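Subject: The structure I promised you

Hi,

Here is the structure we talked about, with my notes underneath. Have a look at it first, then read on.

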Amino acid sequence: MYKISLNDLDKLFEAISKNESLYIPVDSVNGAEFKKYEEGMKLSSALNTNRSAKDFFFPQTESMFDFKVSDKSFDIIDKRRECEDFVIFGVRACDARSFTILDKVFLSDPVDTYYQNRRSHGTIVSVACGRPEETCFCQSFGINPAKPEGDASAWICADELFITANTPKGEKLIESLSFVLSECSDDTVNQVITAIETILPKLPLAKVNFENMKSTELLEHFNNEKWGELSEACIGCGTCTFVCPTCQCYDIREFDAGNSIKKFRCWDSCMYSDFTKMAHGNPRTSQKERFRQRFMHKLVYFPDNNNGEFGCVGCGRCLAKCPISMNIVKVEKALEVPANE
């Protein structure tokens, strides 16, 4: 375990940014967001950023390749330039867990090399949640905000920051920072962890339980009449999918740049009417069907295909951002799925 005074946090950030790009959450007019570190930047005290750190590995829009077609040739131009090492500092426990979910999607065969390349260059430094908010329910998915995952984990206590490595990447980072860090015992961190864990059972959503969603028969969820009632107010804006750290749907498109064709991909949303649209039309023609697909995927389909792991991490962004106040917790409670006896 190592520590550094919060007054010297600038020294820590400057030391990291000398060797690789560093991104930290900073306050902005629209809330906290990750920015590339520049001298003088201050770490945001907000619990979570508006958008998750998913953007670093699965960006909203990314060029895949260009191609040129002529009478005699067909040339493909590789546009990938993700070759710099970078550090994301200040990732919360929910977002840190989201990477394991995305890994199951993008690193399974066939591997998505665009995502894989970014993952190989990125180092994640998570920070424990000193005081989780009322919209947090990560513990419903087995996530402990007092013990965040990542290549390295950090805790803020009083006027000091404590940090420890969890992976070889984390060890390499901390070793490179030995001249600004001081070695210490874990006694203080253990006290912080205990204090945070004391708060967790008192949170409003502490007792939300999604286990019964996957334990009952799939068709009992699928045909529940509550889907129609729940979806009536949904405007299909896609906000829930764009702020979600685990949504992974995308569309691939082409753009004519004149001298070449650019192939790119961008985030898509199952809440949109043209999502998965094919030659014969859209397989889900109503908002009810699209609404149901989103929650069934996270709570039933994904766990069914991934040894019971849910496709949600309880970050609470959908609770905070949905314009009609619809979210995954309301869905779970409305369905009133009984526990198996």
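A quick definition before the tour: a residue is called buried when its relative accessible area is under 20%, exposed when it is over 50%, and partly exposed in between. By that rule E160, at 23% relative accessibility, counts as partly exposed. Please keep in mind that this is a predicted model.

**Salt bridges**

E160 is a good place to start, since it forms a salt bridge with K3, and the closest N and O atoms of the two are 3.4 Å apart. K3 sits in strand β1 (residues 2–5) and E160 in strand β9 (residues 160–165), so this pair ties together parts that are 157 residues apart in sequence. K3 is partly exposed too, with 27% relative accessibility.

How many salt bridges are there in the whole structure? The search finds 14. As a reminder of the chemistry, side chains of opposite charge can pair when their charged atoms come close.

Another pair to look at is D66 with K262, where the closest N and O atoms are 2.9 Å apart. Here D66 belongs to strand β4 and K262 to strand β12 (residues 261–267), so the bridge ties together parts 196 residues apart in sequence. The two ends have different surroundings: D66 is buried, at 5% relative accessible area, while K262 is partly exposed, at 27%.

Then there is R97 with E149, whose closest N and O atoms are 2.8 Å apart. This pair also links distant parts of the chain, with R97 in helix α2 and E149 in the loop between β7 (122–127) and β8, 52 residues away. R97 has a relative accessible area of 16% and is therefore buried, whereas E149, at 31%, is partly exposed. Besides these pairs, E62, D112, R118 and R265 are joined into one network by salt bridges that share partners.

**Helix α2**

R97 brings us to α2 itself, which covers residues 93–106. Is this helix mostly buried or exposed? Of its 14 residues, 11 are buried, so α2 is largely enclosed by the rest of the structure. Among the buried ones are A93, A96, F99, I101, L102 and F106, but also the charged side chains' owners D95, R97 and D103.

The length of α2 checks out as well: at 1.5 Å a residue, its 14 residues should span 20 Å, and the C-alpha atoms at its ends are indeed 20 Å apart.

**The largest pocket**

How much space lies in the largest pocket? The figure is about 460 Å³. It is lined by 29 residues, and those closest to the pocket centre are L43, S44, S45, R92 and I156. The elements giving two or more residues to this lining are α1 (9–19), β3 (31–36), β6 (86–91), β8 (152–157) and α5 (187–199). Of these, α1 gives the most, with 3 residues.

**A patch on the surface**

On the outside, V69, F74 and I76 form a nonpolar patch, with about 340 Å² of accessible area together. V69 is found in strand β4 (residues 61–69), the strand that also holds D66. V69 is exposed, with a relative accessible area of 58%.

**Backbone oddities**

Three spots in the backbone deserve a look while you have the model open.

- The peptide bond from D109 to P110 is cis, with omega near 0 degrees. P110 lies in the loop between α2 and α3 (113–121).
- A158 is not a glycine, yet its phi is positive, at about 55 degrees. You will find A158 in the loop between β8 and β9, and with 73% relative accessibility it counts as exposed.
- N307 also has a positive phi, near 55 degrees, in a residue other than glycine. Its place is the loop between α10 (287–305) and α11 (317–321), and N307 is exposed, at 86% relative accessibility.

That's the tour. Shout if anything is unclear.

Cheers

Terms used
Residues numbered from 1 in each chain as written. Predicted model: local features only at pLDDT ≥ 70, side-chain atom pairs only at ≥ 80, totals over all residues. Heavy atoms only, no water. Patch = residues over 30% accessible without salt bridge, like charges linked within 9 Å, V, L, I, M, F, W, Y side chains within 5 Å. Areas by Shrake-Rupley, 256 points an atom, 1.4 Å probe, with all protein chains shown as cover. Salt bridge = Lys/Arg side-chain N within 4 Å of Asp/Glu carboxyl O. Helix = DSSP H or I, 4+ residues; strand = E, 2+ residues; numbered from the N terminus. Buried < 20%, exposed > 50% of the residue type's maximum accessible area, 1.4 Å probe, protein only. Expected span 1.5 Å × (residues − 1). 1 Å grid on protein atoms, 1.4 Å probe; cavity = no way out; pocket = protein on both sides within 12 Å on 5 of 7 lines; lining within 4 Å. Points joined across faces, edges and corners; volume = space filled by probe spheres on them.
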